[in-house]
Amino acid sequence: MGLRHLARRGASPVTRTLAGLPGGIVTRRRGRGSEPEDVRLWAEGDDRRHIDRNATARTGQLYVRTHHDERDRAVILLADFRPSMLFGTRRTLRANAAAEALALLGWRIVADGGRVGLVVASAAGEATVLRPAGGERAMTAVTGALAVAHARALETAKDPDPPLEPLLGVAASLLPSGGHLVIGSALDNPGPDFERLLGLVAERVSVRLVLVSDAFERARRPGFFPFALSDGRRGSLRADGTGERAIDARLADYAARGMAGLRLDVEAGPEAYAPLMERLDAVL
């Protein structure tokens, strides 16, 4: 809930008129939209095709009709709270970082008049599902559902990862054609048919990825590292020094297939996530 202030601080009216293209050059959306917005007096330079005949006939003065973009932004946030996401070596767990980033994005979307829904993947049985809705009340429900789902996920942290595949269909079914699906996950063990199903979903809705990365995964120094868990279990993890390159290559592969994404470093924190989510918001 507290992240809504950080999201608003980064928002500005300019971002709502940017073209849906990433890059360093700010461009405005082309066209005038087709949804009527207002009627005003003619001004020098106005297009004659926009003259409002009814208002002009009533008043005897030239009036023009203005329009706005009629987009209905419906976004589903898919948060991965499966056992593999309940891991972290810096600051917090990967699941927490995914939730922070998705919450920041959700607050930006509802502030801009969009609708936000939620699907949470976990090993705790039935998935958490919220249909897209608008306004602060919708995001309050989303943040509450994230907190409850995370608490349940911690109780099943020892279970194996269930596949993400079934939730792709659930999330897509909640969206109209042209809607947006944003996945916050490390995409560990997504399932054998995940890539094919993700491609099918991307044909109907826009898919964006927030690929969560722990500092250990990007370790440049190869070797074996011991760990101990709160339940007394011990073991070791192996770093081969190729983690960062593998993550960036994975993102490049998804981008080539029309599913752009970004890397979310767990240790960075919400202050660093805010501009990333602003960039992502601009292309939804």
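**Figure 1. A right-handed crossing of α3 and α8.** In this predicted model, helices α3 and α8 cross in the right-handed sense. Helix α3 covers residues 94-111 and helix α8 covers residues 270-282; their axes sit 9 Å apart, at an angle of about 50°. That makes the two helices oblique to each other, since an angle of this kind falls between the 35 degrees limit for roughly parallel and the 65 degrees where roughly perpendicular begins.

**Figure 2. Who touches whom between α3 and α8.** Here's the same pair of helices, crossing right-handed, with the contact residues picked out. From α3 come Ala97, Glu100, Ala101, Leu104, Leu105, Arg108 and Ile109. On the α8 side, look for Pro270, Tyr273, Ala274, Met277, Glu278, Leu280 and Asp281. Sort the residues of this contact by type and you get 10 nonpolar, four charged and no polar.

**Figure 3. The six-stranded open sheet.** Read across the sheet and the strand order is β5-β4-β3-β6-β7-β10, with mixed pairing. The edges belong to β5 (128-134) and β10 (261-265); each has a single partner strand, so one side of each has no neighbour in the sheet. From one strand to the next, the twist averages 15°. Helix α8 turns up again here, packed on the sheet and touching β6, β7 (206-213) and β10. The direction of α8 makes about 170° with that of β10.

**Figure 4. Strand β6 and its two partners.** Strands β3 (residues 74-80) and β6 (residues 180-185) run parallel and are joined by five bridges. Two spots to zoom in on: His180 of β6 is the bridge partner of Val75, and Gly184 of β6 stands opposite Ala79. The pairing of β6 with β7 is parallel too, this time over six bridges. In that pairing, Val182 stands opposite Arg208 of β7.

**Figure 5. Strand β6, buried on both faces.** Which way do the residues of β6 point? His180, Val182 and Gly184 go one way, Leu181, Ile183 and Ser185 go the other, and all of them are buried. With six of its six residues buried, β6 is largely enclosed by the rest of the structure.

**Figure 6. Zooming back out for context.** The protein chain has eight helices and 10 strands. Of its 284 residues, 42% are buried. Take the contacts between residues at least 6 apart in sequence, and 72% of them join residues at least 24 apart.

Terms used: Residues numbered from 1 in each chain as written. Predicted model: local features only at pLDDT ≥ 70, side-chain atom pairs only at ≥ 80, totals over all residues. Heavy atoms only, no water. Axes fitted to C-alpha atoms, helices over the stretch in contact; angles between N-to-C directions. Helix = DSSP H or I, 4+ residues; strand = E, 2+ residues; numbered from the N terminus. Parallel < 35°, antiparallel > 145°, perpendicular 65-115°, else oblique. Left-handed = near helix turned anticlockwise from the far one by under 90°. Contact = heavy atoms within 4.5 Å. Nonpolar A, V, L, I, M, F, W, Y, C, P; charged D, E, K, R; others polar. Pairing = 2+ DSSP bridges. Buried < 20%, exposed > 50% of the residue type's maximum accessible area, 1.4 Å probe, protein only.
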